[in-house]
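Dear colleague,

Please find below the structure that I am handing over to you. A description of what was found in it follows.

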Amino acid sequence: MNTARTTPLPVVLAGARGHGRSHLLNIRRLEERGLVRLAGVCELRPLDADELDGIGEPEQSADLEALLASTGARIVVLSTPIQTHTDMTLAAARHGAHILLEKPPAPSFAEFRRMADGVGAAGVACQIGFQSLGSHAVPAIRRMVEEGAIGELLGVGAAGAWVRDEAYFRRAPWAGHRRLGGVDVVDGALTNPLAHAVATALALSGSTRAEDVEHIETELLHAHAIESDDTSGVRVLTSAGTRVTVAATLCAEKASEPYVIVHGSQGRITFWYRQDRVLVQRAGHGPVETEYGRTDLLENLVSHVTDGEPLRVPPAATGAFMRVVEAVRTAPDPREIPASHWHTEPGESAPRRVVDGIDALVDASADELRLFSELGAPWAPSTRAEAR
């Protein structure tokens, strides 16, 4: 990328609190390199001086379109509620702005298609914020698989065991909901907090487009008193015949780093995707562990806009993930895990519910490519929701 550029690209950030804070800090990092300039912040309640410390004095408004018009933003970073993603992306596209859109890109496949088609028609770029797909480990693992380093690809399993207390599900009006006011939200372990596990597992299987998905099974459950799922599994059969299984919980006994295992006939590759760390175990070889670099997705979008560098995560590369979101959306409402199978522990700011034995079950799912019901979990449904 041409780092000698004299005019930084003006950026508007929509949603600067909560997770949006990380985007605010990242924009500041790129400002210091002269790549971007924070021109505006779109929030219902303006950021105060403490929140803007070291950021400058960007224009602030609750009206995104007015902000885009007044700032002439070239790039918009959207870190807003899931159900707002499509309309806000299309608003940015109408103003000719390129977009970094937080995951999940949309609450339904129809909304995803409306968003992707609108962006394409407007001729602007859209990057979906699956940061793990910016890891240099992803293409490296794909090359290893394609070159037969672990023999024949047998399947891909992912495990995510996180701890979230009751306050997490009260952090926003839409949190913990499948629908809100008749509008799809589809918040849940698989589709939001541990969505990276799903997207990364699909990417490592070589199945990222919507047409790469043949069949989906889901098991959706919850221990917390919420509408959406907090302990769930999904199994995707790809059009290439590969099984991709993801087990996720927000009710872990102990928080751990999520990971993806690529299973081969002669070995396995484990990828801790938040750490960019890869462990290769092959028959006849000693284990090899490598830590890879990562390309920041906003920086990649800037490079795309200025120098034509290919996008790491365009909408088409999340089509398979959105098929999973759609399967979760259309599945029967999550089943309640009976109170006899979970207990309460103190959380960071409120009590949290812990599903008994869930950590071992999540690991076993990734290792054996089986769903909770197939692993004998007494609270798991005997029949699974299936989608094509």
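**The annotated span**

Between the C-alpha atoms at the two ends of residues 140-269 the distance is 11 Å, and this span is 13% helix and 36% strand. Helices (H or I, at least four residues) and strands (E, at least two) are DSSP runs, numbered from the N terminus. The span matters here since the UniProt annotation "domain: GFO/IDH/MocA-like oxidoreductase", from an unreviewed entry, covers residues 140-269. UniProt positions are given in the numbering used here, feature names are shortened, and annotations may be inferred rather than shown by experiment.

Please note that this is a predicted model, in which local features need pLDDT of at least 70 and side-chain atom pairs count only at pLDDT 80 or more, while totals for chains, interfaces and linings use all residues. Residues are numbered from 1 along each chain as its sequence is written, and side-chain values use heavy atoms, with hydrogens and water left out.

**Two covered helices**

Helix α5 (residues 137-146) is largely enclosed by the rest of the structure, because seven of its ten residues are buried. Buried means under 20% relative accessible area, exposed over 50%, and partly exposed in between (1.4 Å probe, protein chains only). The buried residues of α5 are Ala-137, Val-138, Ala-140, Ile-141, Arg-142, Met-144 and Val-145. Their cover includes β7 (153-161), α6, β13 (259-264), β14 (267-272) and β15 (277-282). After α5 comes Gly-148, which has a positive phi, near 80°.

Helix α6 (residues 195-204) is mostly covered, with ten of its ten residues buried. Among them are His-196 and Thr-200, alongside residues such as Val-198 and Leu-202. Gly-206 follows α6, and its phi is positive, near 80°.

**The nonpolar cores**

A nonpolar core is a set of buried Ala, Val, Leu, Ile, Met, Phe, Trp, Tyr and Cys residues joined through side-chain atoms within 4.5 Å. The largest one has 102 residues, of which Leu-64, Ile-75, Ile-99, Ile-141, Ile-269 and Phe-321 touch the most other members. Helix α6 supplies the largest share of this core, eight residues. Apart from it lies another core, of 22 residues, including Tyr-259, Trp-272, Val-355 and Leu-361.

Contact means heavy atoms within 4.5 Å. Not counting residues up to four places away in sequence, Phe-321 touches Pro-104, Pro-105, Phe-130, Leu-190, Thr-191, Ala-195, Val-198, Ala-199 and Leu-202.

**Arg-294**

Arg-294 is placed in the loop between β16 (288-291) and α7 (297-307). This residue is partly exposed, with a relative accessible area of 32%. A polar contact is a pair of N or O atoms within 3.5 Å; within protein, one must be able to donate a hydrogen and the other to accept it, and residues adjacent in sequence count only if both atoms are side-chain atoms. The side chain of Arg-294 makes such a contact with the side chain of Asp-276, at 3.0 Å. A polar atom of the Arg-294 side chain also lies 2.5 Å from the backbone oxygen of Tyr-273. Arg-294 and His-136 are 158 residues apart along the chain, yet their C-alpha atoms are separated by 5.4 Å.

**Strand β10**

Glu-217 is in strand β10 (residues 213-222) and counts as buried because its relative accessibility is 10%. Leaving aside residues up to four places away in sequence, Glu-217 touches partners including Arg-235, Leu-371 and Arg-384.

His-222 lies in the strand β10 too, and at 9% relative accessibility His-222 counts as buried. A polar atom of the His-222 side chain lies 2.9 Å from the backbone oxygen of His-224. Beyond its neighbours within four places in sequence, His-222 is in contact with Ser-228, Asp-229, Asp-230, Pro-334, Arg-335, Glu-336 and Ile-337.

**The surroundings of Tyr-168**

Rings of Phe, Tyr and Trp (its six-membered ring) pair if their centres lie within 6.5 Å; planes under 30 degrees apart count as stacked, over 60 as edge-to-face and the rest as tilted. By this rule there are four aromatic pairs. One of them joins Tyr-168 and Phe-169 edge-to-face, at 5.1 Å centre to centre and 85° between the planes. Tyr-168 is buried at 16% relative accessibility, and Phe-169 is buried at 9% relative accessible area.

A charge sits over a ring if NZ of Lys or CZ of Arg is within 6 Å of the ring centre and within 35 degrees of the ring normal. The charged end of Arg-171 sits over the ring of Tyr-168, 3.9 Å from its centre, and that of Arg-164 sits over the ring of Tyr-168 at 5.4 Å.

Yours faithfully
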